[in-house]
Amino acid sequence: MKKRVAILISGRGSNMRALIAAASAADYPARIVLVISNRPTAEGLEAARDLGIPEVAIDQSLYPSREQFDAELDRALVAAQAEIVCCAGFMRILTPGFVTKWDGRLLNIHPSLLPAFKGRDPQAQALSAGVRISGCSVHFVVPEVDSGPIIAQAAVPVLHGDSPQTLAARILEAEHQLYPHALALVASGAARLVGGQVAASGNVNRPGTLFSPPI
Ligand code: GRF
């Protein structure tokens, strides 16, 4: 039985599109039942509509508190019978109450090799730190931002002359491969959260995308 998945977005939604595309395969263990944006103008909403996926905006500006917004979000997810929730460029911090309720079923993608470069502008942080390899991570969400147990990662080189934009574009390509892979692990039960750690069963090992840094 395919798991019912909702995707949370705030903007362009390219990871959302990668997840929708992967989930259209007959043997993928999940199907996308709803896309929710906290911003009514998010480009991704239109893309979801075009792809025939139910979508809704829950306009954050209409909710006086984080708790009220998250309660509405939870109502929409429950109404759609979502079993797994994927944050994909969802630029909003979720309350501990919401995160706890969805513990083990709430995923996020972050464009760095966590635990390095949490928070905003991780690509610029990577360039400032001078690392030669960066990448992306899919992790279970915990109340502390970008800190949950890591499900899967992919690495890409940082090239001399990179700007935050060129590095972000290279990482984004890897994100589009990684997120469908990580969601499949969780939806199939091959990776799950047990006692605050990711427990793996079956053949979950797939080499990440690794490149040698240029000399
Ligand atoms: C991605 O880089 C994601 O990792 C980060 O925000 C960006 C969203 O891009 N959290 P998109 O909306 O999926 O195109």
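**Close-up views of the ligand site**

**View 1. Polar contacts hold three side chains against ligand oxygens****.** A polar side-chain atom of Glu175 lies 2.6 Å from an oxygen atom of the ligand. For Arg12, a side-chain N or O atom is 2.5 Å from a ligand oxygen. Ser14 also has a side-chain N or O atom 2.5 Å from an oxygen of the ligand. A polar contact is a pair of N or O atoms within 3.5 Å. This is a predicted model: local features need pLDDT of at least 70, side-chain atom pairs need 80 or more, and totals for chains, interfaces and linings use all residues. Residues are numbered from 1 along each chain as its sequence is written, and side-chain values use heavy atoms, without hydrogens or water.

**View 2. The shell around the ligand****.** Residues with a heavy atom within 4 Å count as near. Among them are Gly13, Asn15, Gly89, Ile109, Pro111 and Leu172. By class, the shell has 3 nonpolar, 4 polar and 2 charged residues; Gly counts as polar, and Asp, Glu, Lys and Arg as charged.

**View 3. The ligand takes the space of the largest pocket****.** A molecule sits in a pocket if more than half of its atoms lie within 2 Å of the pocket's grid points. On a 1 Å grid, a pocket is an open set of points where a 1.4 Å probe fits, with protein on both sides within 12 Å along at least five of seven lines; lining residues have an atom within 4 Å of a point. The volume, the space filled by probe spheres set on the points, is about 1,000 Å³. Of 38 lining residues, Gly89, Phe90, Met91, Ile109 and His110 are closest to the centre.

Note on methods
Polar contact = N/O pair within 3.5 Å; in protein donor to acceptor, adjacent residues only side chain to side chain.
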